[in-house]
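I sat down with this chain to look up one helix and one sheet, and I kept my entries short.

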Amino acid sequence: MRLLHVVGARPNFMKVSPVWRALSTRNGVEQVLVHTGQHYDVNMSGVFFQQLSIPAPDVNLGVGSGSHAQQTAEIMASFEKVVVGCRPDLVLVYGDVNSTVAAALVCSKLQIRVAHVEAGLRAFDRTMPEEINRVVTDQLSDLLFTPSADANANLEREGIASGKIHFVGNVMIDTLINLLPQAERLPANGVPRHYILLTLHRPSNVDDASTLRELLEALVAIGNRVPIIFPVHPRTRQRIDDLGFKAGEHRGILLFEPKPYLDFLNLQRRATAVITDSGGIQEETTYLGVPCLTVRENTERPITITMGTNTLVGRDFALLRGELERILDGHRKPHQVPPLWDGQASERIAGIITG
């Protein structure tokens, strides 16, 4: 059985690693790894391959950045040649990035079976490019591996046959559980004892200058009470620079380059709280038991709210400050780890594919 994995952006790497490892122990399986190059600098891509023990890609399409249409089209044109030459029995795609939907579209037209890892997540907001990617990929996939029960319900509501849907758990948590002991051994390296960890990258937060300015002003006020560690996505840094924001003028906000996985996991587990607009971080903080405030109006991971540590604050920055004050004063919401977030999701996937 020849399996082809498609990855392209930082969140994919944490998901492919345990699946690749689980399938590598099965007899009669040949695996091929294709990196589209959607994320292409060392901190966003190269170091992740090293830390997650992912083999060097068999193919790197090197598409780089561009608009959604440009990037998706370039991936499709290049990936089609790879699929025609490789003729895999199954192509595995991950998450909701442009690489995922591009690969699914190519495979569906070439009559190649597709498995979607992390299927069924919905924010019910079609203004999000990721939501379009999720919906289209799920409609085209032959195997849909879901991380939570609500994802199963979403797929069935959209008319997808129940026989295609498999509730396996969360592969991101497989990686977290596997590498947490290594992260715990990393030194603090001058990081304050108490701090807030911040990530921002979504266009709705960083591309609108007035929204970003208002958010930064709220963060400056928060930083006056407790330091904020901010590993900055390259796009976000450019938007911040465009506003003329000088971190050195605000001692409570510490800007860093993007962190490799182990370093970032170490920062997450030690944080007093995390402020983010990332989907994966909502899941990781839920497992780690770290309070998470999500700067979005909705989430495709509602289980992190109903069972986990996550709270949506939207663009209500007064609410953001208020919720953070509650956390700093010791008031934390009760939480538990969702079902099947046990480090074995990838083994379940491997069993279904090879069984």
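My notes below take the helix and then the sheet.

I am working from a predicted model, in which local features need pLDDT of at least 70, side-chain atom pairs count only at pLDDT 80 or more, and totals for chains, interfaces and linings use all residues. Residues are numbered from 1 along each chain as its sequence is written, and side-chain values use heavy atoms, with hydrogens and water left out.

**Helix H7**

I looked up H7, residues 171–184; helices here are DSSP runs of H or I with at least four residues, strands are runs of E with at least two, and both are numbered from the N terminus. At 1.5 Å a residue (the expected span is 1.5 Å times one less than the number of residues), its 14 residues should span 20 Å, and the end C-alpha atoms are indeed 20 Å apart. I noted that a side-chain oxygen of Asn-170 comes to within 2.9 Å of the backbone nitrogen of Met-172 at the start of H7. The buried residues of H7 (under 20% relative accessible area, 1.4 Å probe, protein chains only) include Ile-173, Leu-176 and Leu-180.

**The sheet**

I then traced an open sheet of six strands with parallel pairing, in the order E10-E9-E8-E11-E12-E13, where two strands pair if DSSP finds at least two bridges between them. Strands E10 (253–256) and E13 (310–312) stand at the edges with a single partner strand each, so one side of each has no neighbour in the sheet. Between E8 (residues 196–198) and E9 (residues 228–231) I found two bridges, and Leu-197 has Ile-229 in E9 as its bridge partner.

Terms used:
Buried < 20%, exposed > 50% of the residue type's maximum accessible area, 1.4 Å probe, protein only. Polar contact = N/O pair within 3.5 Å; in protein donor to acceptor, adjacent residues only side chain to side chain.
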